[in-house]
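Thanks for coming, everyone. Please have a look at the chain on the screen before I start.

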Amino acid sequence: MATMSMAIRASLLLLLFLSLTTLTVSLYEDQVGLVDWHQQYIGKVKDAVFHTQKSGRRRVVVSTEENVIASLDLRRGEIFWRHVLGSNDVVNGIGIAMGKYVVTLSSEGSILRAWNLPDGQMVWESFIDGSGASKSLLTVPTNLIVNKENVILVYGKGSLHAVSGIDGTPLWTKDIASESLEVQHIIQPVGSDAIYVLGFVGSSQFDAYQVNPENGDILKHNSASLSGGYSGEAILASSDILVTLDASRSKLVVISFQDGELNLQETSISDILGDSYGTPALLSSKLPGMFSVKVNGGVTLIRVTVEARLEVMDKINSVAAISDAIILNEGQQAFALVQHGDGKIHLTVKFSHDLSGDLLKETIVMEKQRGMVHKVFINSYIRTDRSNGFRALIVMEDHSLLLLQQGAIVWNREDGLASIVDVLTSELPVEKEGVSVAKVEENLFEWLKGHLLKLKGTLMLASADDVAAIQERRLKSSEKSKLTRDHNGFRKLIIVLTKAGKLFALHTGYGQVVWSLLLPNLRKSECKFATGLNIYQWQVPHHHAMDENPSILIVGRCGQGSDAPGVLSIVDAYTGTEVNSMDLGHSISQVIPLPFTDSTEQRLHLLIDGNQHAYLYPRTSEAIDIFQREFSNIYWYSVETNNGIIKGHVLKSNCIQEVIDNYCFESRDIWSIIFPTDSEKIITTVTRKPNEVVHAQAKVIAAEDDLMYKYVSKNLLFVATVAPKGSGAIGTATPEESWLTVYLIDTVTGRILHRMTHHGAQGPVHAVFSENWVVYHYFNLRAHRYEMSVIEIYDQSRADNKDVWKLILGKHNLTSPISSYSRPEVVTKSQSYFFTYSVKAIDVTLTAKGITSKQLLIGTIGDQVLALDKRFLDPRRSVNPSQAEKEEGIIPLTDSLPIIPQSYVTHALRVEGLRGIVTAPAKLESTTLVFVYGVDLFFTQLAPSRTYDSLTDDFSYALLLITIVVLIAAIFVTWILSEKKELREKWR
């Protein structure tokens, strides 16, 4: 028996060792990327500068509409380095100085920076002083040297500045804003030592200043009046000739300023282009001795002679974009133009001095969903046969970026994903029997090889190559990349709408694009300045309806103003095809998804226009019947931020119009709250998420042996107002001048349920509303620190339901109807805490049943996401909690909220330009899905209370199998040894 017990102890020790081994590798590098992914973007490119010298990497430096400066690899399109400057630091110009610095001008011409070209490190930063507001211009001359220093010219804040290219030291400043001059160009003509500053005073006078580059003194100043006015466009046709359109756009005005002497010459557009229809526009392309005019989609190239005469060189139809001219090795110059036709783009490169021949003519098949070409930048290189080759950088309508070379797309970047405006999650289709869109199962040899690698990793015997192979296998797991639903609900579609009006469906597995759609309704020629606004669920068929796909509703606006007519698109969520589209005859100021569906499970929506008329969609007889039955139960509210008014509305009757519309309804105001504009300004409003599930409506207070009912209402609105002087940036008001007031308002009755004022507080305010509590973040001017406050609201009218005997005898009021019009008896609890960081966004985790504890997801100023347990924001926290409170989970009170490094959801990654956080529940109750977007994208799975209802993805089944085999073998061996020992004892 001793031998048997010894063997059992040895088996248990082996099992313990193997289990500890499993725990020690659970957080190693082979698990990176299993449940999260991170994608980096730059946004729509505004300007690009190529750097393709023989030494060093070939790259292109770009600036974008998302205020990003980036260096891209010309071979693969990958990011060498980038800097996201922030929403208030708009990039005004970019250039390369001295062959080694990237120079950028930003913040309305007030900040000039130089970045090291190879690695992107900042070399120097110079602040441009000035008092006036003006156009910002950056000029990096190639041969302008003053006192042995390369000079960079900057026009900003109404002044002309010369800055040293070596260290950013200002050399001189010349104030020109006092002359009311709107500067358009700063140039140094060929063969001249002087600098020319060209601009317009008002709309009828042209001014030219000749400036000494050594000290900024004005050498000569000439002006000339424009009889026909000025249209606002001015193009340099050469180093001493400028071309503009008059105010009526019927005449071209050629202005020669050679040696500072002005000469104006007007030519009628009809004399050059003939009787063309449409409004002419000057293209901004820089062509030597030429300029281009676009009318009705066609482009006319016009040469300016030495005598300032105009000659038509060529007329080209369907031109989408023309590049600036580049210098070739022979001193000649060439430019590129792009045309569209039959789903293809045609790239043509021509000599600037001879348009009759083509240096290059290529045709590339282009995806229809990329739209039109918006910009083109070209670069030349020397082929092996010593001829000139060309590569073209193309910016598309959907904000994507492509490199074309030798008639093919070398690489492409979906940089439209850097400008997401709205997000929606959708389920994937159910996997049908015998059908799978994922790849086929691996053969037996590959299966064994994979488990062998996993076992080596578990036993810490894997080499670096083995670790890489393990990670690659996990990242390419067929289960994770399937385009069908999984049992736990981890695989979903993240459908995003971008600023370009394009839809993307991203797979939660690795973030790959499943489908994309450039919305046709927003691209119509008659729909100018179209913008996409929001995405909503339109149709979600029951999971048994296998032959029907869910669809989404995209709401847009055909124009810039809020009174512009709306457009609707209905898109299949599985395939990305447009099912239906509608051009509306009314504006859209608000969209209200109603909790009703018709027989086809289409959700009813109310669209509210600027006149508070309500329009029902879908426009079907069944929908109107359902709507009429619930007519008296529909309420909504509107917030007029600028006027400080919140109103409640209810439906009244059908609209009175010339054409009868049974789906249009008038409304009436049933309540209004007017905030005094001299003391309060609305800055934030937040409501509960409509899809949030509340598991328990009661909260047990163990310390007081009590039960409190949560006041859970989807009609509750959180409003934050600040004093007018405190609505600016932090520090613009004193603590005595600023205060923050928060309200909880019932949107059905307009009743204010709670009001609280924070004196000496200032915005911005970021808030999140969940269940019966709201958490908001603001700045405390007195303490000079950020704070987070929590308010919990409870329903006292149900206090009688705490008596168990009443429940047994049926004398409770649980079945009594609840109405918003009955005055609620509520009680609130609140508490405030200091918080270390400024906040960009805030959200809360969502789970399928609402059982799992909540975590706040806080997007910090460092573009990371911090997960903070809601228990830290419990208003019942005290300095010395009782034993009962400790057992309940109450944390001792501290004045600050903890920042735990391990609680960063984004780990060491940064989501640059972070703008929003979206959470969605998985089918597994313990897990929530988190999507973070900005310039970058980040996705992960989060388990606030740990994965208590499932095994982890890295659970070693191989190790479990080995353990079972070892135990069985140990039992068998000990049984044999026991039998032998017993036999020997019997023979004694």
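Which residue in the turn between strand 57 and strand 58 has a positive phi? It is His784, at about 55 degrees, in a hairpin with four residues between the two strands.

Some ground rules. This is a predicted model, where local features need pLDDT of at least 70, side-chain atom pairs count only at pLDDT 80 or more, and totals for chains, interfaces and linings use all residues. Residues are numbered from 1 along each chain as its sequence is written, and side-chain values use heavy atoms, with hydrogens and water left out.

Now the overview. The protein chain has nine helices and 65 strands. Both are DSSP runs numbered from the N terminus: helices are H or I with at least four residues, strands are E with at least two. Of the 988 residues in the protein chain, 50% are buried. Buried means under 20% relative accessible area, exposed means over 50%, and partly exposed lies in between, with a 1.4 Å probe and protein chains only. Take the contacts between residues at least 6 apart in sequence: 51% of them join residues at least 24 apart. A contact is heavy atoms within 4.5 Å.

Back to strand 57, residues 773–780. Eight of its eight residues are buried. Strand 56, residues 761–770, runs antiparallel to strand 57, and seven bridges join them. Two strands pair if DSSP finds at least two bridges between them. Ala761 has Asn780 in strand 57 as its bridge partner. This hairpin has two residues between the strands, and Glu771 takes a positive phi near 50 degrees. On to strand 58, residues 785–795. Strand 57 and strand 58 are antiparallel too, over eight bridges. Here Trp773 is matched with Glu792 of strand 58.

Next, two sheets. Strands of a sheet pair through backbone hydrogen bonds, either parallel or antiparallel. One open sheet has four strands in the order 2-3-4-5, paired antiparallel. Its edge strands are strand 2 (45–51) and strand 5 (79–84), and each pairs on one side only. Neighbouring strands here are turned by 15 degrees against each other on average, direction ignored. Those angles come from lines fitted to C-alpha atoms (for helices, over the stretch in contact), and run from 0 to 180 degrees between N-to-C directions. Strand 4 (residues 68–73) is joined to strand 5 by five bridges. In strand 5, Arg82 is the bridge partner of Ala70.

The other open sheet also has four strands, in the order 40-41-42-43, with antiparallel pairing. Strand 40 (530–539) and strand 43 (578–587) each have a single partner strand, so one side of each is left without a neighbour in the sheet. The twist averages 20 degrees from one strand to the next. Strand 40 pairs with strand 41 (residues 551–558) over eight bridges. One of the matches is Ala530 with Cys558 in strand 41.

Now the interior. How many residues are in the largest nonpolar core? The count is 35, and Val62, Leu393, Phe931 and Leu937 have the most contacts inside it. Such a core is a set of buried Ala, Val, Leu, Ile, Met, Phe, Trp, Tyr and Cys residues joined through side-chain atoms within 4.5 Å. Beyond four places in sequence, Phe931 touches residues including Trp37, Ile420, Ile494 and Leu937. Apart from that core lies another, of 23 residues, among them Ala320 and Leu347.

There is also one cavity of 30 Å³ or more. The largest cavity holds about 50 Å³ of space. Its lining includes Thr425, Lys492, Thr508 and Phe931. Strand 37 (492–498), strand 63 (916–921) and strand 64 (928–933) each supply at least two lining residues. On a 1 Å grid over the protein atoms alone, a cavity is a set of points where a 1.4 Å probe fits but cannot get out, and lining residues have an atom within 4 Å of a point. Points are joined across faces, edges and corners, and the volume is the space filled by probe spheres set on them.

Last, two single residues. Val163 lies in strand 13 (residues 159–164). Why is Val163 counted as buried? Because its relative accessibility is 1%. Val163 is in contact with Leu112, Trp124 and Pro170, among others. Gly260 sits in the loop between strand 21 (251–256) and strand 22 (263–268). Gly260 is buried as well, at 4% relative accessible area. Tyr196 is 64 residues away along the chain, yet the two C-alpha atoms are separated by 8.3 Å. Leaving aside neighbours within four places in sequence, Gly260 contacts Tyr196, Lys220 and Asn222.

Definitions and conventions
1 Å grid on protein atoms, 1.4 Å probe; cavity = no way out; pocket = protein on both sides within 12 Å on 5 of 7 lines; lining within 4 Å.
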